[in-house]
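Please open the model in a viewer with the sequence panel alongside. The tour below proceeds from the whole chain to single side chains, naming at each stop what to select.

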Amino acid sequence: MRKLFALLLLASSNLVLAQVNIGLPTLELKAGIYRIQAELADTPKAREVGLMNRTSMPTNSGMLFVFEQKAGHCFWMNNTKIPLSIAFIADDGKIVNIEEMQAETTNNHCPKAAVRYALEMNKQWFSERVIVPGSVITGLPKK
């Protein structure tokens with residue numbers, strides 16, 4: 001019986017470690033001429049898991065984090081296997097700042113102003129397309 005309990009405990013702890021957001025709604029965003037297929041992380045659980053444990057992401061895909069309140073929502077890369085860029089976005093769609101984030105790190109990456117939106121894309125996606133702070137992201141959901 002103890003062996004069975006230990007196996008069940010081990011199995012459940014591995015499930016927790018391997019959490020991945022699956023089946024999130026998506027929406028199309030635009031950054032200039034570029035179309036982005038963004039998964040929508042607009043619940044506490046979806047935001048907590050984010051892009052954890054994924055090993056790749058298609059080129060023009062990302063994850064849009066939507067918060068109920070504007071604040072200094074900071075991000076880190078714990079259990080995130082791929083390097084990412086994050087754009088912190090104001091309510092009017094203007095990018096406040098963009099941060100480059102290394103995989104599997106716990107450094108905080110924070111907006112330079114209170115925001116409700118953050119968009120994670122593959123590392124250097126924004127810089128390779130000359131999308132900079134002040135650029136506008138359209139198609140953001142209104143809450």
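Begin with the entire chain in view. Residues 24 or more positions apart account for 70% of the contacts in the chain that have a separation of 6 or more. The coordinates are those of a predicted model. Of the chain's 143 residues, 43% count as buried. Display the surface next: the accessible area comes to about 8,000 Å², and carbon and sulfur atoms hold 58% of that area.

**The fold**

Switch to a cartoon representation. Three helices and seven strands make up the secondary structure, and along the sequence they follow the pattern α-β-β-α-β-β-β-β-α-β.

Now select the strands. In what order do the seven strands lie in the open sheet? The order is S5-S4-S6-S3-S2-S1-S7, and the pairing is mixed. At the edges are S5 and strand S7 (137–138), each of which pairs on one side only.

**From S1 to S3**

Select strand S1 (26–31) and strand S2 (34–41). S1 and S2 run antiparallel and are joined by six bridges. One place to inspect this pairing is Thr-26, whose bridge partner in S2 is Glu-39. Follow the chain to the turn: S1 and S2 form a hairpin with two residues between them, and Gly-32 in that turn has a positive phi of about 65°.

Add strand S3 (61–71) to the selection. Here the pairing sense is parallel, with five bridges between S2 and S3. Leu-40 has Leu-64 as its bridge partner in S3.

**The nonpolar cores**

Show side chains next. Nonpolar side chains tend to be buried together in soluble globular proteins. In this model the largest nonpolar core has 19 residues, and those with the most contacts inside it are Leu-29, Ile-36, Leu-64, Ile-89, Leu-119 and Ile-137. Two or more residues come from each of S1, S2, S3, strand S4 (84–89), S6 and helix H3 (125–128). Apart from this core lies another, of 17 residues, among them Leu-24, Ala-41, Ala-46 and Ile-82.

Return to Ile-36 and display its surroundings. Leaving aside residues up to four places away in sequence, Ile-36 touches Leu-27, Glu-28, Leu-29, Ala-31, Asn-60, Gly-62, Leu-119, Met-121 and Trp-125.

**Arg-47 in helix H2**

Select Arg-47, which is found in helix H2 (residues 44–49). Is this arginine buried or exposed? Its relative accessibility is 14%, so Arg-47 counts as buried, the cut-off being under 20%.

Measure two distances from the side chain of Arg-47. The side chain reaches the backbone oxygen of Asp-42 at 3.3 Å. The side chain of Arg-47 also makes a polar contact with the side chain of Glu-68, at 3.3 Å. Not counting residues up to four places away in sequence, Arg-47 touches Ala-41, Asp-42, Phe-65, Val-66, Phe-67 and Glu-68.

**The disulfide**

Select the cysteines Cys-74 and Cys-110, which a disulfide joins with an S to S distance of 2.0 Å. The count of disulfides comes to one. Which parts of the chain does the pair tie together? Cys-74 lies in the loop between S3 and S4, whereas Cys-110 lies in the loop between S5 and S6, so the link connects parts that are 36 residues apart in sequence.

Check the geometry as well: the torsion about the S-S bond of Cys-74 and Cys-110 is about 115°, and the disulfide is therefore right-handed. Colour both residues by accessibility. Cys-74 counts as partly exposed at 39% relative accessibility, and Cys-110 is partly exposed at 29%.

**Thr-105 in the loop after S5**

For the final stop, select Thr-105, in the loop between strand S5 (95–101) and strand S6 (115–122). With a relative accessible area of 19%, Thr-105 is buried, as the limit is under 20%. The side chain of Thr-105 reaches the backbone oxygen of Gln-102 at 2.8 Å. Beyond residues up to four places away in sequence, Thr-105 touches Trp-76, Met-77 and Asn-78.

Note on methods. Residues numbered from 1 in each chain as written. Predicted model: local features only at pLDDT ≥ 70, side-chain atom pairs only at ≥ 80, totals over all residues. Heavy atoms only, no water. Helix = DSSP H or I, 4+ residues; strand = E, 2+ residues; numbered from the N terminus. Buried < 20%, exposed > 50% of the residue type's maximum accessible area, 1.4 Å probe, protein only. Polar contact = N/O pair within 3.5 Å; in protein donor to acceptor, adjacent residues only side chain to side chain. Contact = heavy atoms within 4.5 Å. Core = buried A, V, L, I, M, F, W, Y, C linked by side-chain atoms within 4.5 Å. Areas by Shrake-Rupley, 256 points an atom, 1.4 Å probe, with all protein chains shown as cover. Pairing = 2+ DSSP bridges. Disulfide = S-S within 2.5 Å.
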